[in-house]
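Please look through the sequence and the structure shown here before reading on. The paragraphs after it are meant to be read with both in view.

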Amino acid sequence: NNTALIEYFVGAKSIYTFLILPHDIKVYASQYDKRINKEIDRVRRLLQEVPDGTNSLDAYHQFIQSTSYLFQLLLKDCFKSLQSEKISAIRIIPDGAINYLPFDLLSVTDTISGPPSYSVTQMDYLLKHFSMSYSYSAGLLLKTAKKQKTVFENDFTGYAPSFKDYAVSDKRSCEMGELYNLKCSEDEVQTLKEMMQGSSWVSDEAHKDNFVKHAASSRIIHLATHACIDKTNSMNNRIFFTDDYLSSMDLYNMNLNSELVVLSACNTGSGQLVKGEGLMSLARGFLNAGCSSTVMSLWSVDDCATSDVMKQYYQNLKDGESKDRALQTAKLNYLQNASKAKSHPYYWAAFVSFGDMSPLHKKQNFKPLLLLGLSILFGFLIFIKRHSYIQN
């Protein structure tokens, strides 16, 4: 209910959009224009270059132009149907270069009033209209949704490795082949550990062996660390621990089954683009290992802004929201509290959700039932005793 599936197919001459609504199916075709690849590349470039005083106005206009064009091309035909059906959530199956695009930041309108600003009060982001998630195929989406629930030893296991002691990085990416400590990652994992009543491995304890030993028994796996992507060979994608790394090749030989994996690192949703398959990313490796859903990033993310979004995201999950809705409201909450400079999409739009978006499967709390049962038993014994006393 209130959910739509949108799948794209990029052909040689046309882009086809398949829209599946709760009570209808529609197909749209638009002429393929190579401009789409240029506009997606421009948006990606603008997202990785936070404007300074010298280029902010030009970057602002370029961003509006590109995101508005992409909205008109990819979603304009669907938008009225989504609104008339009162759709609140969209599942997107992208194709080709569309895999690189986070739909959250598409501009529904092509004009804004007032001075240049990336403020949420001026930008009519698609984020404000729908919660969004993604899948590599409809078949995989159905497979993860039908997956049988597992009993886990831990609700949450988080990892925040330490690296070089003499330097701190504000990005969760590979910096010139070096890995530096992250200012906010350890606090992020420790806060989430307390919130979700789980366990954590931080600093020197966040080594690969602890991941291999404990990850498979965890409902949620959270990795706040560095990641490096190999765009020529996806099996060489790596996510790092204090002493070693985990590659996509490693993941394809693991059995995890977690309900949610959050890859709170850089470019974990990027990788080699394979025609007919999509992006061969680290996140895809976790889905292949049996995890029902992942949250991943599409570019190099800011360390402390990521931490702020993640804390709100987990609070929303704890409150029972679906995974896509939890991420949407976390981003909106971040925007409402961010300064104009920090409201730039670079800080909040990188993370997207893949897979099954249902709320986290909560453990059954048998304590109230046990107390109720004991109370009934106690009352029954008192009744029997009194009845026997009256008869005697």
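What follows is a walk through this predicted model, from its overall make-up to its disulfide, its helices and a few individual residues.

The protein has 392 residues, of which 53% count as buried, and its secondary structure comes to eleven helices and 18 strands. When contacts between residues at least 6 apart in sequence are considered, 74% of them join residues at least 24 apart. The area that the protein exposes is about 18700 Å², and carbon and sulfur atoms supply 52% of that area.

A convenient place to begin in detail is the disulfide, since a search of the whole structure finds one. The disulfide is formed by cysteine 184 and cysteine 304, whose sulfur atoms are 1.9 Å apart, and the link is right-handed, with 65° about the S-S bond. Because cysteine 184 lies in the loop between strand E8 (180-182) and helix H5 (185-196), while cysteine 304 lies in helix H9 (residues 303-318), the pair ties together parts that are 120 residues apart in sequence. Cysteine 184 has a relative accessibility of 14% and, since buried means under 20%, it counts as buried; cysteine 304, with a relative accessible area of 27%, is partly exposed. Two other cysteines can be set beside this pair: cysteine 78 is buried, with a relative accessible area of 0%, and cysteine 291 counts as buried at 1% relative accessibility.

The disulfide leads on to the two helices H5 and H9. Their axes come within 9 Å and cross at roughly 5°, and because angles under 35 degrees count as roughly parallel, H5 and H9 are described as roughly parallel to each other. On the H5 side, the residues that meet H9 are Ser185, Asp187, Glu188, Thr191, Leu192, Met195 and Met196, and their counterparts in H9 are Asp303, Thr306, Ser307, Met310, Lys311, Tyr314, Gln315 and Lys318. A general feature of the α-helix is useful when reading such lists: there are 3.6 residues a turn, so residues three or four places apart point the same way.

Taken by itself, H9 agrees with the span expected of a helix, because its 16 residues should span 22 Å at 1.5 Å a residue and its end C-alpha atoms are 23 Å apart. The buried residues of H9 are Asp303, Ala305, Thr306, Ser307, Val309, Met310, Tyr313, Tyr314, Asn316 and Leu317. After H9 comes glycine 320, with a positive phi near 100°.

Helix H1 (residues 35-47) allows a similar check of length: its 13 residues should span 18 Å at 1.5 Å a residue, and the end C-alpha atoms are 18 Å apart, so the two values agree. Its buried residues are Ile36, Glu39, Ile40, Arg42, Val43, Arg44, Leu46 and Leu47.

The region that follows H5 can be entered through glutamate 186, which lies in helix H5 and counts as partly exposed at 38% relative accessibility. Once its neighbours within four places in sequence are left aside, glutamate 186 is in contact with Ala160, Val202 and Ser203. From C-alpha to C-alpha, glutamate 186 and serine 200 are 9.4 Å apart in space, while in sequence they are 14 residues apart.

One of the contacts of glutamate 186, serine 203, is placed in strand E9 (residues 199-203) and counts as partly exposed at 25% relative accessibility. What is the phi of serine 203 near? It is near 55°, a positive value in a residue other than glycine, and for context, most residues other than glycine have a negative phi. Lysine 86 likewise has a positive phi near 55° and is a residue other than glycine; it is found in the loop between helix H3 (76-84) and strand E4 (89-93), and with a relative accessible area of 66% it is exposed.

Glutamate 205 closes the walk, lying in the loop between E9 and helix H6 (208-214). At 47% relative accessibility glutamate 205 counts as partly exposed, and its C-alpha atom is 9.1 Å in space from that of phenylalanine 241, although the two residues are 36 residues apart in sequence.

Definitions and conventions: Residues numbered from 1 in each chain as written. Predicted model: local features only at pLDDT ≥ 70, side-chain atom pairs only at ≥ 80, totals over all residues. Heavy atoms only, no water. Disulfide = S-S within 2.5 Å. Helix = DSSP H or I, 4+ residues; strand = E, 2+ residues; numbered from the N terminus. Buried < 20%, exposed > 50% of the residue type's maximum accessible area, 1.4 Å probe, protein only. Contact = heavy atoms within 4.5 Å. Areas by Shrake-Rupley, 256 points an atom, 1.4 Å probe, with all protein chains shown as cover. Expected span 1.5 Å × (residues − 1). Axes fitted to C-alpha atoms, helices over the stretch in contact; angles between N-to-C directions. Parallel < 35°, antiparallel > 145°, perpendicular 65-115°, else oblique.
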